[in-house]
Amino acid sequence: MLRNFADTAALQSLDAAHHVHSFADPKALAQKGARIITQGKGCYVWDNEGNRLLDGMAGLWCVAVGYGRQELSDIAARQMTELAYYNNHFGTSTPQMIELAEKIARLTPDGLDHILFANSGSEANDTIVRLVRRYWMLQGKPTRQTFIGRDLGYHGSTLCAVSLGGMSHMHGMAPEMLPGFAHIMHPHHYLLGDGLTREEFGLKAARALEEKILELGPDNVAAFIGEPLQGAGGVIDPPSTYWPEIQRICRRYDILLVADEVICGFGRTGEWFGSQLYGIQPDLMPMAKGLSSGYLPIAAVAVGAKVFDVLNEGGLLAHGFTYSGHPVACAVASANIDIIANEGLVDRVREDVGPYFHQSLRQLADSHPLVGEVRGVGLVAALHLVRDRAPKTFFAPEQQAAIHCRETLWDNGLIARAVGQAIVLSPPLVITRAEIDEMVDKLKAGLDATAAAFV
Ligand code: PLP
């Protein structure tokens, strides 16, 4: 099955010469050399030298149905032959756009029935900023411009999406963010709980929204945006009190609520959408990743009746992308959703592999002094690394213990992610119990090696 791209040094040198990577230090990477991935099947990928890696991150949280699904490549090939491209500007549509929009509308929480297409999570979030500001303008409240997001929130890499997000290292890359964006604390109990119970802390973190709204003036606030469970911020699973209080506050001040489902959507949490898990009733929902399992770039925004009915009366909606609703991406996404539904992957995450994954990680953590907390839900988890569990003592950031651990895991055949002081996992939804056992064995070896290096 494996082809051989054997000359690693030559590939790395060309890569360093011409390819600027996402989220990497170019100079450091050029010295080290990129890892080159050439094949994927199920939950595994292979590098160019034939080493098999268990992909504990489903690519970038996206390959829900696993790699190498013949039915998806067949559908892409057929659609490319039949109609490789058409767009939805100026009143045209394709059956693939129509079918996918209807399918998404059937899955989303009640009332979120109107679907716009984009090509990435970032574009979907930019779209939201435009729609929401347009909504308030049409409502005769043009001062309602400001979006409130959260520290460690991640909503993408375009200027708008970076501004919505709360990643300080991204804000710091250029001199300033766009105006009209504010941030509140995140609901990370393990880091910020400070003696409060999870429930008490959930209320405190949510009430930071009310404080921010009052500080800005309610008439200046357009919307609050949050991931149901914060993924790239380190798998921050909210206390049970958090979202109900956020919703209460949004309603009280008539602030629109945006649930960023780019990671949580399409089964990762054991529900089709994270909003369903946490009882959130958003006004708008951006989604991407699991929508096509990453087989082709596509994203969508589901718009609820409250916003759509106003936009509907507002005349020309001057928004869209050349590739919005690309027919090949739509056909593949539609078939991908069918696979998730027909194979019962969402129920499987909720009832079988999700609980097994967390139980296995907890067992590992209980016996490992390096793990202070396991958190997450469904098939997304973080292991928070600590120098000491009690009293809770973290590694110095410059020690980069989690990055060391991640590199050890890669070298031992498991792809994981390091976020701050945590090791993050988000495997394909098709992962088996045996593959989870393999993952946990590899994690143990990586944690042992990290403990030996740092403690
Ligand atoms: N929103 C969330 C919650 C994400 O996790 C991401 C990407 O990781 C994005 C938005 C941005 O998506 P993209 O990288 O497709 O632009």
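**Close-up views of a predicted model**

**View 1. Helix α5 and its buried side.** Let us begin with a helix whose buried residues are Gln96, Met97, Leu100, Ala101 and Ile104, all in α5. Because these residues cover an arc of only 125° around the axis, they sit on the same side of α5. Please keep in mind that this is a predicted model. What lies over the buried residues of α5? The cover includes helices α4 (70–83) and α14 (327–342), together with strands β4 (114–118) and β10 (299–303). Turn to the face of α5 that points away from the buried side and you meet the exposed residues Pro95, Glu102 and Arg106. The helix itself runs over residues 95–107, 13 residues in total. From the first C-alpha to the last, α5 reaches 19 Å, close to the 18 Å expected at 1.5 Å a residue.

**View 2. Glu71 and Ile339, a pair far apart in sequence.** Stay with α4, the helix that holds Glu71 and that helps to cover the buried residues of α5. Is Glu71 buried or partly exposed? Glu71 counts as partly exposed because it has 13 C-beta neighbours inside 10 Å. Along the sequence, Glu71 and Ile339 are 268 residues apart, yet their C-alpha atoms are 9.3 Å apart in space.

**View 3. The shell around the ligand.** Here the focus is on the 16 residues around the ligand. Which of them come nearest? They are Ser120, Gly121, Ser122, Gly156 and Val262. Helix α6 (residues 121–138) gives the largest share of this shell, with three residues. By residue type, the shell holds eight polar, six nonpolar and two charged residues.

**View 4. Strand β12, enclosed by the structure.** Strand β12 covers residues 380–385, and six of its six residues are buried, so the strand is largely enclosed by the rest of the structure. In a regular strand, side chains alternate between the two faces of the sheet. For β12, Val380, Ala382 and His384 are on one side, with Ala381, Leu383 and Leu385 on the other, and all are buried. Both faces of the strand are therefore covered, in keeping with its largely enclosed position.

**View 5. The two partners of β12.** Strands of a sheet pair through backbone hydrogen bonds, either parallel or antiparallel. How many bridges link β11 and β12? Strand β11 (residues 371–377) pairs with β12 in the antiparallel sense over six bridges. Together β11 and β12 make a hairpin with two residues between them. In that turn, Gly378 has a positive phi of about 60°. Strand β15 (residues 422–425) also pairs with β12, in the antiparallel sense and over four bridges. A good residue to follow is Leu383: it stands opposite Val374, and its bridge partner in β15 is Ile423.

**View 6. The open sheet of four strands.** This sheet has the strand order β1-β2-β3-β13, with mixed pairing. Its edge strands, β1 (37–41) and β13 (414–415), each pair on one side only. Elsewhere in the sheet, β2 (residues 44–47) and β3 (residues 52–55) run antiparallel and are joined by three bridges. One pair to look for is Tyr44 and its bridge partner in β3, Leu54.

**View 7. Phe23 and Ser293, with positive phi.** Neither residue shown here is a glycine, but Phe23 has a positive phi of about 45°, and Ser293 has one of about 55°. Phe23 is found in the loop between α1 (8–18) and α2 (26–32). The loop that holds Ser293 runs between β9 (284–287) and β10. Which of the two is buried and which exposed? Phe23 is exposed, with 8 other C-beta atoms within 10 Å, whereas Ser293 counts as buried, with 28 C-beta neighbours inside 10 Å.

**View 8. A cis peptide bond in a loop.** Ala390 and Pro391 are joined by a cis peptide bond, with an omega of about -10°. Pro391 lies in the loop between β12 and α16 (401–411).

**View 9. Thr432, in the loop after β15.** Thr432 is located in the loop between β15 and α17 (433–454). With 13 C-beta neighbours inside 10 Å, Thr432 counts as partly exposed. Thr432 and Gly325 are 107 residues apart along the chain, and their C-alpha atoms are separated by 33 Å.

Note on methods:
Residues are numbered from 1 along each chain as its sequence is written. This is a predicted model: local features need pLDDT of at least 70, side-chain atom pairs count only at pLDDT 80 or more; totals for chains, interfaces and linings use all residues. Two strands pair if DSSP finds at least two bridges between them. A residue is near a molecule or strand if its C-beta atom, placed from the backbone, lies within 6 Å of it. Ala, Val, Leu, Ile, Met, Phe, Trp, Tyr, Cys and Pro count as nonpolar, Asp, Glu, Lys and Arg as charged, and the others, Gly among them, as polar. The expected span of a helix is 1.5 Å times one less than its number of residues. A residue is buried if 20 or more other C-beta atoms lie within 10 Å of its own, exposed if 12 or fewer, and partly exposed in between; C-beta atoms are placed from the backbone. The arc is that of the directions from the helix axis to the C-beta atoms. Two residues are in contact if their C-beta atoms, placed from the backbone, lie within 7 Å.
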